[in-house]
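The exercises below are to be worked with the sequence and the coordinates at hand. Each one sets a task and then gives a solution in steps.

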Amino acid sequence: MKKILFVPLALALLWAVGACNQQQKKQTSMNEAINPANMDTNVLPGNNFYEYVNGTWIKDHPVPPEYSSYGAFTVLYENNQKELKDLIDEISKKKDAPMGSVDQKIRDLFNSGMDTARINALGASVIDPELKTIQNIKNQKQLDVEVAKLHATGVHPLFYFYAGADEKNSSMEIANLHQGGLGLPDVDYYLKNDAPIKKIREAYVQYIAKLFELKGDSEKQAQKAAQQVLELETQLAKVSFTRLERRNPEKNYNKMSLAKLEKISPDFGWATYFTNLGLKNPGDINVSQLRFFKGVSKLMKEIPLSQWKTYLEWTVLNDAAPYMSEPFVQAQFDFYGKTLSGQQQMRPRWKRVLGATSGSMGEALGKLYVAKYFPPESKQRMLTLVSNLRAAFAARIKKLDWMSEGTKEKALAKLEAITVKIGYPDKWRDYSDLKIVPDNYFQNLENASKFAFEFNLNKVGKPVDKTEWGMTPQTVNAYYNPSNNEIVFPAGILQPPFFNKDADDAVNYGAIGVVIGHEMTHGFDDQGRKYDKEGNMNDWWTKEDAERFAKKTAELAKEYDHYTLLDSLHVNGDLTMGENIADLGGLNIAHDALLRSYDGKTPKPIQGFTADQRFFLSYATIWRQSIRPKELAKRLKTDVHSPAEARVNIPPFNMDVFYKDFAIKPGEKLYIAPDNRVKIW
Ligand SMILES: [Zn+2]
């Protein structure tokens, strides 16, 4: 799917979501804190805490047809979409917005996307010029030029280029090359041969053929093209890093000159490529996956030019499909929505167009969004919460029995140095150079892609702008960025059930408190711990401390490896390691912060639940979710986050206090013996 802006930072997110997975459903009461009606008290907390807290809610909220999953995050996302739509409607009423103003651009971008008569009339003609250029390629050099040209317009054959912080000199932006070029979500889909995967692969080939037919090929030509694409992508998959390999920061850091790159990857025209990107002297380049770029070079020789051309055409088609005429949109939905994720219906057009508008002009919309919907007092309350969480984390680090004093000192300094961003950026993106016209949706999105690309490209060789945000304010998510050693909470997540100004402390510490602790812990998870307080990849641990940490994380991985879903599927404890460490750490830190907030006086029970119980109930509430089996199966392969159910049913069971709070006994399904409970942060 079109990546309007490739997120160049290795951000550790709170949860993973593609904007295409979102959801509509009215929430009963936005301000409810803990609602006992959502629970299923027939289930013992020790057998399935997730169901105990959310069972009735899940029964009452099956996944609506247009979604692949539906939960607390999607409810907020839906709500934000409606608010953003209202803002656009208000702008659209202002007919006199001058050409070139932000109002004109938002209005025309959105309205051009809603003009289906025009879009359908244009049909495949919007991509004809690009396809012609590809068909006219006569030699390798022209191919190299075309790859650069496509990258600059947001189409990503083969690999990604972006400017990003130098991992070992985090105040400077350098050029980065990252593997890519696959239309399926993971290398497994190309290389594994179990029945469900094979079925998806066959459907993928049919989808590729369908797009070639829609642009005018005969059925026979289209089938041949589809086979060639699959074959080429399979070759790319074979030299790609797995998701697990990509989680190793050292292995993905290979800084070199253009001359060195040309030596290790001699059969792709790197100088031609960079010159045509507009970066004649790229300076230092981080070649993230050496094996991949060496492999690409080999494939350049082995695969005939005609097959490369078919592949480039395919990337143009697949990228453009969601923004073209109806048959293209439908074909893409049938594969990526239905087959891969189990969605039954497409989201209504306005939501899809809003997603593209938000993706293209996110901060322009975000500025309007926070002005209307983000109360300034939320920022103040969040700052207080963060400072309480930081103090609780520091106290825990000091007490750790497995870490040496020297390493503790450095950990505390890193914790102290974490920058906090809340709500929205202090400095907004300037959209002056983006051109938006009233009557050409495709052209508008291409302009937006080029604009985003130029913005990013211009950073190469310059200092990192640490004020920049990697997410728009309207996003319902949060992240830790290791290079900046910063935690970021967009306005979009600072609403119930995450952040509830009317609820008691226990509820807020169990929700947004855990989220804050989770993001802080990312600075100390199996990846984040490899960066120092300045955000540089730099080993500040003693060998013994690192070994004790690895032993603990291996035990945690086992708990997830053993967790079963859909009868026979398992969580991948290594793939989800960083997130699981963050969940466990976040929960412990937030619980300590809650206790500290009592100041000697334990609050009275509310609705029959003690403050401690409400803390854990609140935590389980933010993860409630209905999910389709196909989507769950896909996420188990691709998502670095554990499924919602495991996020609730594992971390609390490693905390002694939780057993007391819910009277959990040996023999119950999720019971972990005291000696086996994992304590890391
Ligand atoms: Zn996370």
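A residue is buried if 20 or more other C-beta atoms lie within 10 Å of its own, exposed if 12 or fewer do, and partly exposed in between, the C-beta atoms being placed from the backbone. The model is predicted, and local features need pLDDT of at least 70, side-chain atom pairs count only at pLDDT 80 or more, while totals for chains, interfaces and linings use all residues. Residues are numbered from 1 along each chain as its sequence is written.

**Exercise 1.** Assign a burial class to Asn 508 and to Thr 275.

Step 1: Asn 508 lies in helix α21, residues 505-522, where helices (H or I, at least four residues) and strands (E, at least two) are DSSP runs numbered from the N terminus.
Step 2: Asn 508 has 27 other C-beta atoms within 10 Å, and is therefore buried.
Step 3: Leaving out residues up to four places away in sequence, Asn 508 touches Phe 499, Asn 500, Ala 503 and Gly 513, a contact being a pair whose C-beta atoms, placed from the backbone, lie within 7 Å.
Step 4: Thr 275, in helix α12 (residues 270-277), has 16 other C-beta atoms within 10 Å, so Thr 275 is partly exposed.

**Exercise 2.** Describe the backbone at Leu 158, Asn 485 and Pro 497.

Step 1: Leu 158, in the loop between α6 (140-152) and β3 (159-166), is not a glycine, yet its phi is positive, at about 65°. With 26 other C-beta atoms within 10 Å, Leu 158 is buried.
Step 2: Asn 485, likewise not a glycine, has a positive phi of about 45°, and its place is in the loop between β8 (479-481) and β9. Asn 485 counts as buried, with 22 C-beta neighbours inside 10 Å.
Step 3: Pro 497 is found in the loop between β9 (486-490) and α21, and the peptide bond that leads to it from Pro 496 is cis, with omega near 5°.

**Exercise 3.** Determine how helices α18 and α19 pack.

Step 1: Helix α18 (residues 376-399) and helix α19 (residues 405-417) pack at an angle of about 175°, with their axes 10 Å apart; axes are lines fitted to C-alpha atoms, for helices over the stretch in contact, and angles run from 0 to 180 degrees between N-to-C directions.
Step 2: This makes α18 roughly antiparallel to α19, since angles over 145 degrees count as roughly antiparallel, under 35 as roughly parallel, 65 to 115 as roughly perpendicular and the rest as oblique.
Step 3: On the α18 side the contact is made by Arg 390, Phe 393, Ala 394, Ile 397 and Lys 398, and on the α19 side by Lys 408, Ala 411, Leu 412 and Leu 415.

**Exercise 4.** Characterise the two domains and the protein as a whole.

Step 1: The domain assignment, which is automatic or from a database, gives domain 1 (39-83 + 361-425 + 469-676) and domain 2 (122-341).
Step 2: The centres of the two domains, taken over C-alpha atoms, are separated by 34 Å, and 17 residues of domain 1 are in contact with 16 residues of domain 2.
Step 3: The protein has 27 helices and twelve strands. Its radius of gyration is 25 Å, close to the 26 Å that the globule rule gives for 681 residues, so the protein is as compact as a globular protein of that length; the radius is taken over C-alpha atoms, and the rule is 2.2 Å times the number of residues to the power 0.38.

Methods
Two residues are in contact if their C-beta atoms, placed from the backbone, lie within 7 Å.
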